[in-house]
Amino acid sequence: MSRFWKIVLLVIAVLVVGLVGMHMLRGGRSSDAKGGPQAEAGKDGKDGQRDNGPVPVTVIDAARQDVPVYASALGTVSAMNTVTVSPQVGGQLISLNFKEGQEVKQGELLAQIDPRSLQASYDEAAAAKRQNEAQLATARSNYQRSNSVEYRQYVARTDLDTQRNQVAQYESAVAANEASMRAAQVQLQYTRVTAPISGIAGIRAVDAGNVVSAGTALVTLTQIHPIHVVFNLPERQLPEVRQAQQAGPVTIAALDRNDSHVLTDGGTLDVVDNQISSDSGTFRARALFNNTDNSLWPGQFVNVRMQLRMIAGGVVIPTQAVMRGPDGEYVYIVKPDNTVAMQTVKSGVEVGDSNIQITEGLKGGERVVSEGQFRLKPGSKVTALKPGETPAAPTEAELKAAQQKQGDGGGGRRGGGPR
């Protein structure tokens, strides 16, 4: 075969392959054109059934209850009294009579200073007093004898005046000795260092055996029964706080840093500071706690929750039930026919960790969707479930019906293709 015929046959083969490909492509498009609407119809039919079917949601009743209104802030625990114990006289520190970290009572012995030098001063003053008392007794006897009726005419008036003045002189000396004795006794008492308040003893600042002077710090006592918590609140809450304070005792609870649990409650508002800080726009307040269980410690950071007032009969629903849209907050309400409607609401204060009070939009008693509302739209049919309840598993009849519908839809799709 010549080269010319080979080229002709190759061109014919290319043309035949091209024609077959074009025919197959047209057939596929025709199949899509015929089978597509049925397939889409089948798909839409399934989705329509799924959309029109009831949506399982968790439903809870909007309840009415008394809602406390709180003011919250970060506070710092501070001791009611803090005293640095120091001796008032100098000398060698003989002993420390407390255990670090233990609670001591007011008047308990904390330390002992060598009292010997001060005891000697007291003894010296006592001896001087006895000496002057003896001289006073002699002067009084002389004056009384010279001033008697039988001797007065033989004693010059000048001598009587001298004896009388001598008695007064020795009386003054005895009084001075008594004062010296009292001063020495006070100094001697200072050698016993006692607790000025009841509190917790800290870490000692000096060891026994050292020579201390007046003013040397020995230990710090911190009173924790009762104890204070100081906190700051924004100035906009000052009118509410003052109004609550005028109405009666304001109760306060102290929570841990994570607000996970209450450390102690039963505290009361003790004082509100007399000025607002112009730098931060806040005012200081102080709470008082009995702290009998030592749950609060000086320097500790706590969250303060102060009850300002009580809302009687407030409407309360779960926080997750409230949705937010372009027009504000809303909830889904389940009607008696198990369809839902959108209801605009206005939220108020938080109630606990998971609920919120509704000020407008609900009257109480409505069935509100708390979970599953993201699949809803107004008019959707729902299956109402209790909190924690799960939808029931499909029955065997429902599974067979679903398989039958799926099979019918598949046959329609197969029959819609090119024949």
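**Entry 1: the β15–β16 hairpin**

I looked first at Val334 and found that it stands opposite Val340 in β16. The model I am reading is predicted. I then traced the two strands concerned: β15 covers residues 328–334 and β16 covers residues 340–344. They run antiparallel, and I recorded 5 bridges joining them. Between the strands of this hairpin I noted 5 residues. I checked the backbone there and found that Asn338 takes a positive phi, near 65 degrees.

**Entry 2: Thr282**

I turned next to Thr282, which lies in strand β12, a strand made of residues 282–289. Is Thr282 buried or exposed? I read a relative accessibility of 18% for Thr282, and it counts as buried because the cut-off for that class is under 20%. I looked up its polar partner as well: the side chain of Thr282 makes a polar contact with the side chain of Ser280, at 2.7 Å. Setting aside residues up to four places away in sequence, I listed what Thr282 touches: Asn232, Leu233, Pro234 and Glu235, together with Ile276 and Ser277.

**Entry 3: Ala63**

I located Ala63 in strand β2, which spans residues 63–85. Which residues does Ala63 contact beyond its neighbours within four places in sequence? I found Gly314, Val315 and Val316. For Val316 I also took the backbone separation: its C-alpha atom is 5.4 Å from that of Ala63, although the two residues are 253 residues apart along the chain. I entered Ala63 as partly exposed, since its relative accessible area is 34% and that class lies between 20% and 50%.

**Entry 4: a surface patch in the N-terminal region of the numbering**

I examined Ile7, which is found in helix α1, residues 3–52. Its relative accessible area is 48%, so I entered Ile7 as partly exposed. I noted that Ile7 forms a nonpolar patch on the surface with Val11 and Leu15. Together these residues have about 280 Å² of accessible area.

**Entry 5: the whole protein**

I closed with the totals. I counted 6 helices and 20 strands in the protein. How many residues does the protein have, and what percentage count as buried? There are 419 residues, of which 31% count as buried. I took the exposed area as about 26200 Å², with carbon and sulfur atoms supplying 51% of it. Lastly, I considered contacts between residues at least 6 apart in sequence, and found that 76% of them join residues at least 24 apart. The contacts I listed for Ala63 include Val316, which lies 253 residues away along the chain.

Key
Residues are numbered from 1 along each chain as its sequence is written. This is a predicted model: local features need pLDDT of at least 70, side-chain atom pairs count only at pLDDT 80 or more; totals for chains, interfaces and linings use all residues. Side-chain values use heavy atoms; hydrogens and water are left out. Two strands pair if DSSP finds at least two bridges between them. Helices (H or I, at least four residues) and strands (E, at least two) are DSSP runs, numbered from the N terminus. Buried means under 20% relative accessible area, exposed over 50%, partly exposed in between (1.4 Å probe, protein chains only). A polar contact is a pair of N or O atoms within 3.5 Å; within protein, one must be able to donate a hydrogen and the other to accept it, and residues adjacent in sequence count only if both atoms are side-chain atoms. Contact means heavy atoms within 4.5 Å. Patches are made of residues with over 30% relative accessible area and no salt bridge: like charges are joined within 9 Å, nonpolar side chains (Val, Leu, Ile, Met, Phe, Trp, Tyr) within 5 Å. Accessible areas come from the Shrake-Rupley method with a 1.4 Å probe; for residues, only the protein chains shown count as cover. A salt bridge is a side-chain nitrogen of Lys or Arg within 4 Å of a carboxyl oxygen of Asp or Glu.
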